[in-house]
Structure formats: C-alpha cells, structure tokens
Amino acid sequence: MLNFLMAATSRNSNESMMHLTATREILESVIDQIEDGIILAQPDGKVTYHNIRAKELFGLANDFPLKNLNELSHINWKKRMARAALDSGDQYGTVIASDRLIRFEEKVHVGETARFLEFTVRRLFSKNVQHEIRVIVVRDISVRRRLEATLQTGGTCGLITSSPEMLKLLERARQIAASDASVLLQGESGTGKSCFARMIHDHSKRSRHPLVEVNCAAIPETLMESEFFGHTKGAFTGAIEQRNGKFSAANHGTLFLDEIGEIPLHLQAKLLQAIEDGRFQKIGSNETTSVSTRLICASNVNLRDAVDKGGFRADLYYRISVIPLTIPPLRDRLGDVPVLVKHFIDDLVARGHADNITITRSAWQALLNYPWPGNIRELSNAVEHGVICAETGTVDIDSLPLDIRLYSQEMPIQGFAEPQAPAEGETGKECSNGGRDELLAALKKAHGSKAVAAQILGIDRTTLWRRMQKQGVSSM
Ligand SMILES: Nc1ncnc2c1ncn2[C@@H]1O[C@H](COP(=O)(O)OP(=O)(O)OP(=O)(O)O)[C@@H](O)[C@H]1O
Ligand SMILES: [Mg+2]
C-alpha cells in the first residue's frame with residue numbers, strides 16, 4: 001500500500017480522498033507492470049510498499065508477506081549502503097544522509113541460479129510524509145553481467161555488438177549451447193550466422209570434438225548425398241576410393257549445414273531420416289552407420305516461406321528449427337556501426353596499419369546512411385577500403401567504396417542541411433530551425449540511440465544531450 005499517500009490525504013475532503021484513492025490504484029497497477037522491482041522502506045527496514053516484480057526478483061512467492069528488508073536474501077542493507085557511499089567517494093556518510101542516489105550490486109541466489117541485481121536507493125523527504133522513506137529500485141542485470149563475462153573471455157568468437165537485441169540473442173545462444181537441440185540460424189548474408197554457429201559449438205559439451213561445416217550451396221547436386229553420407233569404392237563412376245561423409249566426420253561433434261535451403265527435395269527426405277535416427281547408409285553399402293551429432297543449420301532465405309512455396313519439406317523444417325534464432329540485419333541495428341568500425345580499425349592497426357586513423361563527419365554520415373545489404377562482411381570490407389585509401393590517415397567519403405559513395409549521392413540523409421563550420425565550443429554544427437528538425441531526424445535515423453545520433457550530427461554526446469534539453473526533445 002502506498003501508505004504515505006494515504007497519510008497525506010487524511011486532512012483532505014472526501015472528494016479529494018476518492019480522487020487520491022483512484023490515482024493510487026492507477027499508480028499501483030502501472031508500477032506493477034514495470035520490469036524493475038520497486039520497494040519503499042523506512043530507515044529501520046520496515047517495508048511500506050513494494051510492487052509484484054520486487055518479490056519475483058528475489059524468488060519470493062506472490063503471497064509472501066514482505067514486511068522487512070531483512071527478509072530479502074540476507075543483504076545487510078546498512079553495511080551495503082555505507083560501502084556503496086564510500087565507493088562513490090563519500091567518506092563521511094553524507095551520501096547516506098542526503099537525497100543523493102546510492103547504487104550497488106548484489107549477487108543473489110534464486111533456487112539453483114545466481115541472479116545479479118542492481119539496487120538504486122534514494123532517500124525521499126516530504127512534508128506530507130510522516131516517515132523518511134527510502135525508494136529502492138531493483139533491476140535484474142544478470143544478462144548484461146553474463147555477457148560481459150563472455151565477451152571478456154573472448155567466448156563470443158569475436159562477435160562485437162552494442163545492440164540490446166543482439167545481446168539478447170547472444171545470451172540465448174549461450175543458454176541453449178549446452179543442450180543438443182537443433183538450432184536454425186536465419187538472417188541476411190553477412191549478419192554473423194557462421195559466427196553464431198561457432199560460438200554455440202564452442203560453448204557446448206561437444207566443443208572438444210569437431211564442428212564440421214557444409215556449405216550446401218557450394219556442392220553440386222549430384223555429389224551432395226555422397227558429401228553427407230559417404231560412399232563405398234565403386235559405388236558410382238568416379239568413386240575410386242571409399243569415403244566417409246560429413247555426418248561421420250561430425251560424430252560426437254556438431255554438423256553445421258549452411259544454406260540448408262539449397263538441398264534438393266529428394267535429398268531432404270534422406271537427410272530427415274538421418275537426423276531423426278542418427279543412422280544412415282553410405283552410397284553403395286547395406287551397412288548402417290550410427291552417429292551422435294548436434295545439428296546447426298543456417299539459411300539466408302526465409303525457410304518458412306520456402307515451406308509454404310513447396311521448396312522445403314515441412315517435416316524437415318520443424319525438425320531443424322527446434323531453436324530458431326534470427327539475426328537482425330545491420331541496418332536495423334545502426335548503433336553497431338560505430339562499435340564495429342572501431343573494432344575493424346583496431347584489427348587493421350593490429351595487422352600493421354598506422355594507428356592515427358580518423359573518420360570525417362561526412363564519411364560517418366555515409367556509413368550510417370547506407371543500408372548495408374552485405375551486412376557486417378560488407379562493413380568490414382568498407383572499413384579496410386577506407387583505411388587503405390585514406391590520405392594521411394583520414395577516412396573521408398572519397399575513401400569509401402563506390403557503392404557507398406553512390407548511395408550517399410543518390411540518397412542524401414533527409415533533414416540534414418549542408419555541413420557548416422562547427423560553432424564555437426561545439427564539435428558539430430547548430431543547424432537551421434534551431435536544429436530541432438535535424439535533431440529529430442538524426443534520432444529517428446539512429447532508432448533513438450543517442451550515441452549514433454551524435455555520430456550522425458558530428459557532435460559529442462554531451463552536446464547532443466544539451467541540444468535535446470534546449471529543444472525540449474525527449475529520448476525516442
Ligand atoms: N558481430 C560481429 N562482430 C564482429 N565481426 C562480425 C560480426 N558479425 C559478423 N562478423 C564478421 O563478418 C563476416 C561475416 O560473418 P558470417 O560469415 O558469420 O556471416 P553469415 O551470416 O554466415 O554470412 P553468409 O550468409 O554469407 O554465410 C565474418 O568475417 C565475421 O567474422
Ligand atoms: Mg555463413
């Protein structure tokens with residue numbers, strides 16, 4: 001209950017009391033829907049209000065009567081807050097006694113699993129509130145923490161991203177790696193499907209055995225069956241030696257069938273049988289070979305559509321897509337462009353290029369405006385092209401590949417005026433119309449990412465933030 005609100009109403013008339021009760025109910029139902037836990041507590045730890053999520057985060061049953069902070073996962077609140085205040089550079093405890101934010105993290109155990117929770121605590125003073133109230137916001141940051149650990153140990157096989165959607169996908173891939181379930185990776189060419197396949201294999205219990213990759217688009221149709229299952233000597237013209245196929249090579253490991261949509265229909269039935277039974281026969285042999293292999297498939301055409309059009313067997317589709325993961329194209333995660341550009345430049349520097357590379361504003365705009373049909377592969381090549389062609393280490397629009405230059409000429413960014421000299425004290429320009437249109441256009445183009453919007457405008461993030469404040473533009 002929001003008791004402090006009720007206390008504030010005791011002096012009011014019946015009408016305003018009813019109004020406040022209605023407001024409180026609305027407020028409570030809104031607070032119950034948010035993803036963070038909210039707890040209001042008095043200085044002695046007595047809990048006066050909490051939303052549903054707060055109990056969920058600590059693994060407490062819905063009907064558990066949460067009365068005191070001490071009931072939450074053995075956290076010593078006083079000690080923890082004092083330490084957080086000290087960590088924030090406050091030596092005399094003034095943070096605890098003021099209304100400044102205190103933030104700290106705790107690892108709590110919920111059943112078998114560990115959960116990383118971030119706590120933000122603020123003291124609330126108000127004339128209308130009888131007691132001092134501490135507002136505690138609890139956020140589950142387990143996904144972020146685990147991913148950071150994975151990234152630090154190089155466990156993502158070089159996958160770089162700052163996109164929340166991609167981070168979720170990486171976390172999902174990490175979670176399902178341990179199982180033997182078939183994974184279907186879908187996404188445009190160059191989005192990172194092969195990298196995901198490697199990462200899943202490397203995180204699986206099969207990682208000490210081989211990951212065998214078969215690019216189904218690169219094998220002539222007539223040789224495909226032999227490539228998968230092998231053949232005996234003399235099984236067909238040209239079969240001068242007996243040969244094992246990729247299924248046998250992937251025994252105990254992972255079989256990665258890239259471009260699986262390219263397998264002809266007649267072979268799909270045999271493939272399904274081999275996947276389901278883990279058994280098959282070499283061409284020309286009556287003997288059955290058994291294997292234990294985990295299957296990962298990839299396709300850059302939508303296999304569901306291929307099923308609907310009759311080009312792919314529905315039963316095989318369901319068998320291989322137990323865990324479907326769809327990797328978004330680069331144009332839908334423009335925030336990744338700056339981090340990937342930096343990553344590819346670092347890579348080039350490590351390979352011997354000079355380390356004084358800078359990128360002009362117009363080149364950044366062209367990179368962020370381009371739709372990247374070849375995705376990360378194309379971006380990697382574009383950065384290499386740009387760096388090689390850069391005069392005195394400055395990558396300008398003229399150093400970029402032709403496709404990108406042509407695109408930026410034909411499709412200039414909507415809503416941007418011609419670049420002008422930076423205003424004093426700013427690295428970028430203040431545009432016409434007080435800059436509001438340009439600001440909105442940049443934020444829209446950047447899908448709300450302030451880092452990317454700042455890159456587009458050629459200003460730093462603080463300047464962007466100041467302009468947003470000045471123009472009354474909130475985050476999108
Ligand atoms: N997030 C990323 N961070 C760094 N490099 C990446 C990332 N995603 C992809 N790459 C790089 O981009 C290139 C293309 O990736 P990958 O081969 O995995 O794409 P794909 O989806 O399998 O493409 P295709 O459909 O053509 O097989 C590779 O060199 C890979 O290392
Ligand atoms: Mg690939």
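In this predicted model, the structure holds 10 aromatic pairs. One of them is formed by F104 and F119, whose rings are stacked, with 5.1 Å from centre to centre and 20 degrees between the planes. Because F104 belongs to strand β3 (residues 102–110) and F119 to strand β4 (residues 113–124), this pair ties together parts that are 15 residues apart in sequence. F104 counts as buried, at 4% relative accessibility, and F119 is likewise buried, with a relative accessible area of 0%.

A pair with another geometry is made by F228 and F229, which meet edge-to-face, at 5.9 Å centre to centre and with 65 degrees between the planes. F228 is buried, its relative accessible area being 0%, and F229 is buried with a relative accessible area of 1%. These two residues also belong to a wider grouping, since F228, F229, F247 and F280 form one aromatic cluster.

The chain as a whole gives the setting for these pairs. Its secondary structure comes to 20 helices and 16 strands, and of its 476 residues, 43% count as buried. Among contacts between residues at least 6 apart in sequence, 63% join residues at least 24 apart.

From the packed rings the account turns to enclosed empty space. The structure holds 2 cavities of 30 Å³ or more, and the largest cavity has a volume of about 60 Å³. The residues that line this largest cavity are V341, I345, I357, I359, L367, A382, V383, G386, V387, V395 and L400. Helices α14 (336–350) and α16 (375–389) each supply at least two residues of that lining, and the largest share, 4 residues, comes from α16. Sorted by class, the lining has 10 nonpolar residues, 1 polar residue and no charged residues.

Helix α14 appears again in the surroundings of helix α19. The buried residues of α19 (residues 450–457) are V452, A453, A454, I456 and L457, and they pack against α14, α15 (361–369), α18 (436–445) and α20 (461–471). The residue that follows α19 is G458, whose phi is positive, near 70 degrees.

Beyond helix α20, the segment that comes after it contains V473, which counts as buried at 9% relative accessibility. V473 and R436 are 37 residues apart in sequence, yet their C-alpha atoms are 8.1 Å apart in space. Leaving aside residues up to four places away in sequence, V473 touches R436, L439, L440, L443 and M468.

Two loop residues show how polar side chains are placed in buried positions. R206 is found in the loop between α8 (193–202) and β7 (211–215), and at 9% relative accessibility R206 counts as buried, because the limit for that term is under 20%. A polar atom of the R206 side chain lies 3.1 Å from the backbone oxygen of G253, and the side chain of R206 also makes a polar contact of 3.1 Å with the side chain of S292. When residues up to four places away in sequence are not counted, R206 touches D180, H201, H252, G253, T254, S292, T293 and R294, a list that includes both G253 and S292.

The other loop residue is T161, found between α6 (142–152) and α7 (164–177). T161 is buried, with a relative accessible area of 13%. A polar atom of its side chain lies 3.1 Å from the backbone nitrogen of S163, while a polar contact of 2.7 Å joins the side chains of T161 and D336. Apart from residues up to four places away in sequence, T161 touches M166, L167, L170 and D336.

Note on methods
Residues numbered from 1 in each chain as written. Chains lettered and ligands numbered in written order. Predicted model: local features only at pLDDT ≥ 70, side-chain atom pairs only at ≥ 80, totals over all residues. Heavy atoms only, no water. Phe/Tyr/Trp six-rings, centres within 6.5 Å; stacked < 30°, edge-to-face > 60°. Buried < 20%, exposed > 50% of the residue type's maximum accessible area, 1.4 Å probe, protein only. 1 Å grid on protein atoms, 1.4 Å probe; cavity = no way out; pocket = protein on both sides within 12 Å on 5 of 7 lines; lining within 4 Å. Points joined across faces, edges and corners; volume = space filled by probe spheres on them. Nonpolar A, V, L, I, M, F, W, Y, C, P; charged D, E, K, R; others polar. Polar contact = N/O pair within 3.5 Å; in protein donor to acceptor, adjacent residues only side chain to side chain. Contact = heavy atoms within 4.5 Å.
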